[in-house]
Amino acid sequence: MKRRAYGLLVANAIVMAVLAFVLSRATGYPLRDPDGFLGPAWIRLPMLCLIGFGVDIIPRTLLRSRLNPLHFRKEALGLIREHWTRDRVGLVVISVVSFYAVYVSYRNLKNVLPFVRPFKYDYALHRLDHWLLFGHDPTLLLQHVLGTGISAHFLSWIYLLFLPLVPISVCAWAVWSPNVNFGYWYVTADCLAWSLGTASYYMIPTLGPNFAFPWLYGALDKTGVSALQDALFYGRENHIHVNPFADGVQSVAGFASLHVAITLMMCLVAHYTVRSRVIRWALWTFLALVVVSTTYFGWHYLADDVAGALIAIVSVYVAGLATGQKFVRHGRASVSTTTTREVPVEP
């Protein structure tokens with residue numbers, strides 16, 4: 001007896017889409033497809049998959065054909081038959097559609113959040129930060145230790161790198177994971193993290209330190225992050241107080257940190273499924289820098305980062321169970337029960 005490895009992935013996408021539709025109708029605000037890296041998500045994701053297909057086939061075709069043009073077609077078709085099986089194409093299509101549905105629903109649910117739940121927990125989390133650090137503010141402490149010049153520009157680059165990395169990682173796991181089942185694991189965990197993050201916004205709605213207490217964080221050099229924060233602040237003010245029906249979406253919400261959640265989720269799945277030690281260590285290093293950058297720029301309180309880490313762990317574990325992974329207690333590897341989208345079910 002078997003079940004589909006993508007069952008939870010598709011179900012989660014449907015639930016998120018329904019919630020976005022219901023809250024959109026209840027609040028009277030239209031659903032929107034927010035623009036982002038390389039344009040709208042419905043263009044961006046297929047484009048990245050198409051690029052991934054080319055990057056997958058073209059270099060290996062050239063290598064196998066030994067640059068002989070007469071052999072290009074034969075080798076390319078052979079590679080397509082080997083790698084682009086029915087299961088692989090299904091993984092790419094289901095992953096792209098499901099992630100698109102979840103991400104667009106997440107942005108729309110975040111958009112109507114101010115009209116559904118009041119943002120009233122910033123002072124409590126701000127006080128918690130000071131209590132944990134014996135009266136010190138974590139953002140100001142990091143800025144004092146690291147400085148506010150070159151460090152700000154470097155950490156700004158790290159923070160903004162996350163934005164294109166999200167869709168790229170989904171397409172990379174869908175296109176290049178040697179085991180189709182590992183691809184479903186990653187995309188399912190990714191979508192669960194976005195969904196749980198959305199739930200956390202509604203449970204404990206906050207603006208984040210930089211938006212709730214802007215007068216405390218004005219010493220930094222102007223960077224890409226500061227420009228993004230200004231755009232989000234004025235966009236939120238316009239959305240709430242001037243024209244709620246203007247183009248674009250409201251994108252301010254602090255708890256929990258989805259930068260931490262998504263990056264840690266990426267590290268955990270890579271830890272079990274990626275053989276290259278260089279890639280694994282690069283991701284863990286990137287995670288450490290992301291945690292520092294979210295605090296350094298006042299995007300999040302310490303509790304936000306902890307909650308983001310918990311979301312990542314839960315998402316990876318639940319997605320692993322849903323896609324038929326067996327975790328090895330003493331070791332790095334994960335053993336999948338299958339290499340396809342069919343997961344055996346014990347009677």
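These are my notebook entries on what I looked up in this structure, which is a predicted model.

**Entry 1, the whole chain.** I began with the overall make-up and found 13 helices and four strands in the protein chain. Of its 347 residues, 51% are buried. I then looked up how contacts are distributed along the sequence: among those between residues at least 6 apart, 82% join residues at least 24 apart.

**Entry 2, serine 65.** I turned next to serine 65, which lies in helix α2, a helix that covers residues 41-65. Its relative accessibility is 3%, and because buried means under 20%, serine 65 counts as buried. Which residues does serine 65 contact, leaving aside its neighbours within four places in sequence? I noted His71, Phe72 and Glu75. For the pair serine 65 and glutamate 75, I recorded a C-alpha to C-alpha separation of 6.4 Å, with their positions 10 residues apart in sequence.

**Entry 3, helix α3.** Glutamate 75 led me to α3, where Glu75, Ala76, Gly78, Leu79 and His83 are buried. These residues cover an arc of only 160° around the axis, so they sit on the same side of α3. On the face turned away from that buried side I found the exposed residues Arg73, Lys74 and Arg81. I also checked the length of the helix: α3 has 12 residues, 72-83, and at 1.5 Å a residue it should span 16 Å, which agrees with the 16 Å that separates its end C-alpha atoms.

**Entry 4, helices α7 and α11.** I then looked up how helix α7 (residues 150-176) packs with helix α11 (residues 258-273), and noted an angle of about 40° with the axes 11 Å apart. Are the two helices parallel or oblique to each other? An angle under 35 degrees would count as roughly parallel, and 65 to 115 as roughly perpendicular, so α7 and α11 are oblique to each other. Their crossing is left-handed. On the α7 side the contact is made by Tyr159, Phe162, Leu165, Val166, Ser169 and Trp173, while α11 contributes Leu258, His259, Ile262, Thr263, Met266, Val269, Ala270 and Thr273.

**Entry 5, leucine 128.** Last, I looked up leucine 128, which lies in helix α5, residues 122-132. With a relative accessibility of 32%, leucine 128 counts as partly exposed, because that value falls between the 20% limit for buried and the 50% limit for exposed. I also recorded that the C-alpha atoms of leucine 128 and tyrosine 301 are separated by 8.7 Å, although the two residues are 173 residues apart along the chain.

Note on methods: Residues are numbered from 1 along each chain as its sequence is written. This is a predicted model: local features need pLDDT of at least 70, side-chain atom pairs count only at pLDDT 80 or more; totals for chains, interfaces and linings use all residues. Side-chain values use heavy atoms; hydrogens and water are left out. The expected span of a helix is 1.5 Å times one less than its number of residues. Buried means under 20% relative accessible area, exposed over 50%, partly exposed in between (1.4 Å probe, protein chains only). The arc is that of the directions from the helix axis to the C-beta atoms. Axes are lines fitted to C-alpha atoms, for helices over the stretch in contact, and angles run from 0 to 180 degrees between N-to-C directions. Angles under 35 degrees count as roughly parallel, over 145 as roughly antiparallel, 65 to 115 as roughly perpendicular and the rest as oblique. A crossing is left-handed if the near helix is turned anticlockwise from the far one by less than a right angle, and right-handed if clockwise. Contact means heavy atoms within 4.5 Å.
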